[in-house]
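User: Please take one part of the structure shown below and examine it closely. I would like a connected account of a charged side chain, its surroundings and what lies around those surroundings in turn.

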Amino acid sequence: MPHLHPESPSFPDADGDAERTLWEHLRDQLPDDAALFTRVNLLDGPTEREIDLLVAWPGVGLAVVEVKGGHVTHHDGQ
């Protein structure tokens, strides 16, 4: 299991559990030397921004993930 920051994060209800679902998949699949950060706040002068999920994987790199809730449909091959 990767290093989790925080170990037991809270997630917004408004996105239909999209962030929680992706976090759980990443937690279960990333290697032990990776780190998974949740809801990282950044300050840009007076403006605050948030990274939904941040993966730090030694020897591979960083991945910033913006999660959007909702659903995708498939109809007649499209």
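Analyst: Strands are DSSP runs (E) of at least two residues, numbered from the N terminus. In this sense, aspartate 52 belongs to strand S3, which covers residues 47-57. The model is a predicted one, and aspartate 52 is the part chosen here for the close look.

Which side chain of opposite charge is nearest to aspartate 52, and how far away is that side chain? The side chain in question is that of arginine 39, at 5.4 Å. A salt bridge requires a side-chain nitrogen of Lys or Arg within 4 Å of a carboxyl oxygen of Asp or Glu. Aspartate 52 is buried and has no salt bridge. Its side chain does reach the backbone nitrogen of valine 67, at 2.7 Å. Leaving out residues up to four places away in sequence, aspartate 52 touches Glu19, Phe37, Thr38, Arg39, Val65, Glu66 and Val67. Several of these neighbours deserve separate treatment.

The charged neighbours come first. Glutamate 19 and arginine 39 join their side chains in a salt bridge, with 3.9 Å from N to O. This pair connects distant parts of the chain, since glutamate 19 sits in helix H1 (residues 18-29) and arginine 39 in strand S2 (residues 35-44), 20 residues apart. The two partners are placed as follows: glutamate 19 is buried, because its relative accessibility is 4%, while arginine 39, at 31%, counts as partly exposed. Glu19 and Arg39 are also linked with Glu50 in a network of salt bridges. As background, side chains of opposite charge can pair when their charged atoms come close.

Glutamate 66, another residue that aspartate 52 touches, has a salt bridge with lysine 68 at 3.1 Å from N to O. Glutamate 66 is partly exposed, with a relative accessible area of 49%, whereas lysine 68 is exposed at 64%. The structure holds 6 salt bridges. One of the pairs that meet in a salt bridge is formed by aspartate 28 and arginine 27, with 2.9 Å from N to O. There, aspartate 28 is exposed at 55% relative accessibility, and arginine 27 is partly exposed at 23%.

Threonine 38 is a further neighbour of aspartate 52. Threonine 38 lies in strand S2 and is buried, with a relative accessible area of 7%. Beyond four places in sequence, the residues in contact with threonine 38 are His5, Pro6, Pro9, Phe11, Trp23, Ile51, Asp52 and Leu53. One of these, tryptophan 23, makes a polar contact with threonine 38, side chain to side chain, at 3.2 Å. Another, proline 6, lies in the loop between strand S1 (3-5) and H1. Proline 6 is partly exposed, with a relative accessible area of 42%. The C-alpha atoms of proline 6 and threonine 38 are 6.7 Å apart, although 32 residues separate the two along the chain.

The contacts of threonine 38 with Phe11 and Trp23 lead on to the aromatic residues. A search of the whole structure finds 1 aromatic pair. The rings of phenylalanine 11 and tryptophan 23 have centres 5.8 Å apart and planes at 55 degrees, so the pair is tilted. This pair, too, links distant parts of the chain: phenylalanine 11 comes from the loop between S1 and H1, tryptophan 23 from helix H1, and their positions lie 12 residues apart in the numbering. Both partners are buried, phenylalanine 11 at 9% relative accessibility and tryptophan 23 at 6%.

Phenylalanine 11 and tryptophan 23 belong to the largest nonpolar core, which has 11 residues. Its other members are Leu4, Ala18, Leu26, Leu30, Ala34, Leu36, Leu53, Val55 and Val67. H1 and S3 are the elements that give two or more residues to this core, and H1 supplies the largest share, 3 residues. In soluble globular proteins, nonpolar side chains tend to be buried together. Within the core, alanine 34 touches Pro2, His3, Ala56, Trp57 and Pro58, not counting residues up to four places away in sequence.

Val67 brings the account back to its starting point. Val67 is a member of the largest nonpolar core, and the backbone nitrogen of valine 67 is reached by the side chain of aspartate 52. Aspartate 52 is thus a buried residue without a salt bridge, in contact with Glu19 and Arg39, whose own side chains do meet in one.

Definitions and conventions:
Residues numbered from 1 in each chain as written. Predicted model: local features only at pLDDT ≥ 70, side-chain atom pairs only at ≥ 80, totals over all residues. Heavy atoms only, no water. Helix = DSSP H or I, 4+ residues; strand = E, 2+ residues; numbered from the N terminus. Buried < 20%, exposed > 50% of the residue type's maximum accessible area, 1.4 Å probe, protein only. Phe/Tyr/Trp six-rings, centres within 6.5 Å; stacked < 30°, edge-to-face > 60°. Lys, Arg positive; Asp, Glu negative; His and termini not counted. Polar contact = N/O pair within 3.5 Å; in protein donor to acceptor, adjacent residues only side chain to side chain. Contact = heavy atoms within 4.5 Å. Core = buried A, V, L, I, M, F, W, Y, C linked by side-chain atoms within 4.5 Å.
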